[in-house]
Amino acid sequence: MRIGVLTSGGDCPGLNAVIRSVVHRGTDVHGDEILGLEDGFLGLLEGRARPVSHDDVTGLLTLGGTILGSARVKRDRIRWAVDNAQRLARELGIDALIAIGGEGTLTAAKLFSDAGLPVVAVPKTIDNDIDATDVTFGFDTAVHVATEAIDRLKTTAESHQRVMVVELMGRHTGWITLTAGVAGGAHGILIPEKPFDIEAVARMVEERFRRGKKFAIIAVAEGAQPMPGTLRFEHGQLDQYGHQTFGGIGNRLANELEDILGTEARPVILGHTQRGGIPTARDRVLATRFGWHAVEAVHKGAFGHFTALRGNEIQLVPLADAVVRLKTVPPDRWAESEAVL
Ligand code: F6P
């Protein structure tokens with residue numbers, strides 16, 4: 001078979017490991033030809049693709065990013081491509097498509113699948129917010145980077161008796177912030193699912209200082225929000241792809257805490273460092289397993305499905321189930337983390 005593969009949406013560590021796995025399983029075991037579509041769905045739209053051989057994927061297990069490139073694509077262009085899906089696939093000469101991406105990609109994959117394109121998808125995102133899989137690759141690496149940052153900030157915060165506000169990724173969900181916050185022993189963890197009261201955060205820091213602990217680390221997700229009627233703060237508008245933009249909650253929080261407490265507070269925005277670089281062992285393994293199962297799904301004809309981790313098993317789940325809702329941090333997980341503050 002000739003299988004197209006693309007990576008779409010924001011990149012994350014482990015994408016290349018999936019591509020490598022698809023090539024190994026497809027070419028070595030099934031005799032497939034793998035065609036890499038460039039820059040996500042743009043490659044399909046614009047007919048940009050190149051063969052990916054066994055040699056091309058040597059060393060990819062540890063390489064962050066994606067050798068195929070990735071891009072976000074405006075909704076009207078996706079709609080056009082969906083209407084022309086069969087023709088676009090024919091022009092590229094592909095019999096099936098493996099689409100690797102996050103929520104937006106899975107939504108698009110479902111549209112293409114409904115339009116008759118034989119698609120299997122592989123979920124990825126550092127945010128870990130896809131409900132139908134226990135975890136996505138990229139998340140573990142992001143947590144690792146964020147935890148190390150918190151560890152490092154602690155020593156400098158303590159030396160200078162400062163409050164450090166570390167802003168982590170997570171537009172609508174606080175998985176990275178909660179997990180890295182707990183792992184790094186942050187003193188405050190603020191996530192989108194639980195609007196915060198700035199006065200309560202300030203009191204917690206004051207209380208620490210009274211007890212002689214003269215520094216504090218506050219981990220805040222980029223999408224965290226103050227409780228209504230407390231700190232005045234607004235996130236940005238939707239961008240051209242329909243994604244929420246952010247107003248800099250880390251900076252705002254640090255400035256406000258400094259004013260309230262009269263103690264130095266510094267913001268640290270980790271941003272895309274959480275998405276770059278070498279994937280952790282856990283992410284490499286999950287990505288490799290997803291790639292293996294995606295190829296098998298293609299050969300079984302299980303189109304319209306995506307690979308999901310359920311417990312220790314990889315299962316094939318209908319694409320329709322991928323996009324029903326975001327996986328947010330449930331109240332009991334939040335309650336556990338509150339206990340360690
Ligand atoms: O969805 C992954 C993610 O890294 C989010 O955590 C973050 O809000 C967003 O992508 C950033 O997107 P961009 O790279 O387009 O700024």
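On the side of helix α4 away from its buried residues, R90 and E91 are exposed, in what is a predicted model. The buried residues of this helix, which covers residues 85-92, are A85, L88, A89 and L92. Seen down the axis of α4, these buried residues fall within an arc of 95°, and they therefore line one face of the helix. An α-helix has 3.6 residues a turn, so residues three or four places apart point the same way. The partners of that buried face are numerous, since the buried residues of α4 pack against the strands β1 (2-7), β2 (33-37) and β3 as well as the helices α2 (41-46), α3 and α5. Just after the helix, G93 takes a positive phi of about 75°.

**The strands beneath the helix contacts**

Among the strands that the buried residues of α4 pack against is β2, and this strand is mostly covered, with four of its five residues buried. On one hand, β2 pairs with β1 in the parallel sense over four bridges, and within this pairing G4 stands opposite L35 of β2. On the other hand, β2 runs antiparallel to β3, to which three bridges join it, and here L35 stands opposite P51 in β3. L35 thus has G4 as an opposite residue and P51 as another. The parallel strands are also linked through a helix, for β1, helix α1 (residues 15-30) and β2 together make a right-handed β-α-β unit.

**The annotated binding site**

Which residues does UniProt list under "binding site"? The record, an unreviewed entry, gives G10, R72, V73, G102, E103, G104 and T105. Although these positions span 96 residues in sequence, no two of their C-alpha atoms are more than 13.1 Å apart, so they gather at one spot. The lining of the largest pocket includes G10, R72, V73, G102, E103, G104 and T105.

Two of the listed residues can be described further. V73 lies in the loop between β3 (49-51) and α3 (75-83), and at 15% relative accessibility it counts as buried, because the cut-off for that class is under 20%. Leaving aside residues up to four places away in sequence, V73 touches F41, L42, I78 and Y241. G104, by contrast, belongs to helix α5 (residues 103-114), and its relative accessibility of 52% places it among the exposed residues.

**Positive phi outside glycine**

Most residues other than glycine have a negative phi. Where, then, does D39 lie? D39 is found in the loop between β2 and α2, and it has a positive phi of about 60° although it is not a glycine. N128, likewise not a glycine, has a positive phi of about 60°, and it lies in the loop between β5 (119-123) and α6 (139-160). As for exposure, D39 is partly exposed, with a relative accessible area of 25%, whereas N128 is buried, with a relative accessible area of 4%.

The relative accessible areas given for individual residues are collected here.

| Residue | Relative accessible area | Class |
|---|---|---|
| V73 | V73: 15% | V73: buried |
| G104 | G104: 52% | G104: exposed |
| D39 | D39: 25% | D39: partly exposed |
| N128 | N128: 4% | N128: buried |

Technical notes. Residues numbered from 1 in each chain as written. Predicted model: local features only at pLDDT ≥ 70, side-chain atom pairs only at ≥ 80, totals over all residues. Heavy atoms only, no water. UniProt positions renumbered as here; feature names shortened; annotations may be inferred. 1 Å grid on protein atoms, 1.4 Å probe; cavity = no way out; pocket = protein on both sides within 12 Å on 5 of 7 lines; lining within 4 Å. Helix = DSSP H or I, 4+ residues; strand = E, 2+ residues; numbered from the N terminus. Buried < 20%, exposed > 50% of the residue type's maximum accessible area, 1.4 Å probe, protein only. Contact = heavy atoms within 4.5 Å. Arc of directions from axis to C-beta. Pairing = 2+ DSSP bridges. Right-handed = clockwise from strand over helix to strand, strands pointing away.
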